[in-house]
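User: Please take a close look at the aromatic ring pairs in this model, and set them in the context of the rest of the fold. One connected account is enough.

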Amino acid sequence: MTDQYNSPIHPFHCATLLAFLVELLKSSVAMQEQMLGGKGFLVIGYLLEKSSRVHITRAVLEQFLSFAKYLDGLTHGAPLLKQLCDHILFNPAIWIHTPAKGPFCVLMYLPVLID
């Protein structure tokens, strides 16, 4: 599979970059504040909407859910968690073309967010 520039599309690249970003955000409150102030999840959500659907994998979803659980456990994580939910986890434009298990996993996580 290739993209519009005839370069190969590797679906694992998105998950790898996201894992790096999540680890960076977990290790630094300053990075979390920059992500919040710069509306980082809005940007990531927009790029995921416009990207090839092969990049929206189970590994990507698991990275987002893992980070959501991490943020939920922080006393100061609510604003960033809200951005993550609004712009990525509950963004139908990202998940509409994925297999049903993806959005179902997001919905299974919903009770954790409500508690």
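Analyst: A residue is called buried here if its relative accessible area is under 20%, exposed if it is over 50%, and partly exposed in between. By that standard, 36% of the 115 residues in the chain are buried. The model is a predicted one. Its secondary structure consists of seven helices and zero strands, so the order of elements from the N terminus is α-α-α-α-α-α-α. Among contacts with a separation of 6 or more, 65% join residues 24 or more positions apart. The accessible surface of the chain is about 7000 Å², and carbon and sulfur atoms hold 66% of that area.

Now the rings. A pair of aromatic rings is described by the distance of the centres and the angle of the planes. Rings are paired if their centres lie within 6.5 Å, and by this rule the count is two aromatic pairs. One of them joins phenylalanine 41 and phenylalanine 67, with 6.1 Å between centres and 45 degrees between planes. The pair is classed as tilted because its angle is neither under 30 degrees, as for stacked rings, nor over 60, as for edge-to-face ones. Phenylalanine 41 belongs to helix H3 (residues 40–50) and phenylalanine 67 to helix H4 (residues 58–72), so this pair ties together parts that are 26 residues apart in sequence. Both partners are buried: phenylalanine 41 has a relative accessible area of 2%, and phenylalanine 67 has 1%.

Phenylalanine 67 also pairs with tyrosine 70, at 5.9 Å centre to centre and 20 degrees between the planes. That angle is under 30 degrees, so the pair counts as stacked. Phenylalanine 67 and tyrosine 70 are three residues apart in helix H4, a separation of about one helical turn. Tyrosine 70 has 26% relative accessibility and is therefore partly exposed. Together, Phe41, Phe67 and Tyr70 make up one aromatic cluster.

The two phenylalanines also belong to the largest nonpolar core, which has 26 residues. Within this core, Phe41, Ile44, Phe64, Phe67, Leu84, Ile88 and Leu89 touch the most other members. At least two core residues come from each of H1, H3, H4, helix H5 (78–89) and helix H6 (92–95). The most come from H4, which gives seven residues. Isoleucine 88 shows how parts of the chain meet around the cluster: apart from neighbours within four places in sequence, its contacts are Phe41, Ile44, Gly45, Phe64, Gln83, Ile94 and Trp95.

H3 also has a side that faces outward. Valine 43 lies in helix H3 and has 44% relative accessibility, so it is partly exposed. Val43, Tyr46 and Leu47 form a nonpolar patch on the surface, and their accessible area together is about 310 Å².

The loop between H2 and H3 holds lysine 39. This residue has a positive phi of about 50 degrees, although it is not a glycine. Lysine 39 has a relative accessible area of 46%, so it is partly exposed.

On the other side of that loop, leucine 36 is in helix H2 (residues 29–37). With a relative accessible area of 30%, leucine 36 is partly exposed. Leaving out residues up to four places away in sequence, leucine 36 touches Pro79, Leu80 and Gln83. Its C-alpha atom is 9.4 Å from that of leucine 81, a residue 45 positions apart from it along the chain.

Cysteine 14 offers a further view of the packing, from helix H1 (residues 12–27). Its relative accessible area is 18%; this is under the 20% limit, so cysteine 14 counts as buried. With residues up to four places away set aside, cysteine 14 touches Leu48, His55 and Val60. The C-alpha atoms of cysteine 14 and isoleucine 56 are separated by 7.8 Å, although the two residues are 42 apart along the chain.

To return to the rings: phenylalanine 67 takes part in the tilted pair with phenylalanine 41 and in the stacked pair with tyrosine 70. The tilted pair spans H3 and H4, whereas the stacked pair lies within H4. Phenylalanine 67 is buried at 1% relative accessibility, while tyrosine 70 is partly exposed at 26%.

Technical notes
Residues are numbered from 1 along each chain as its sequence is written. This is a predicted model: local features need pLDDT of at least 70, side-chain atom pairs count only at pLDDT 80 or more; totals for chains, interfaces and linings use all residues. Side-chain values use heavy atoms; hydrogens and water are left out. Rings of Phe, Tyr and Trp (its six-membered ring) pair if their centres lie within 6.5 Å; planes under 30 degrees apart count as stacked, over 60 as edge-to-face and the rest as tilted. Helices (H or I, at least four residues) and strands (E, at least two) are DSSP runs, numbered from the N terminus. Buried means under 20% relative accessible area, exposed over 50%, partly exposed in between (1.4 Å probe, protein chains only). Contact means heavy atoms within 4.5 Å. Patches are made of residues with over 30% relative accessible area and no salt bridge: like charges are joined within 9 Å, nonpolar side chains (Val, Leu, Ile, Met, Phe, Trp, Tyr) within 5 Å. Accessible areas come from the Shrake-Rupley method with a 1.4 Å probe; for residues, only the protein chains shown count as cover. A salt bridge is a side-chain nitrogen of Lys or Arg within 4 Å of a carboxyl oxygen of Asp or Glu. A nonpolar core is a set of buried Ala, Val, Leu, Ile, Met, Phe, Trp, Tyr and Cys residues joined through side-chain atoms within 4.5 Å.
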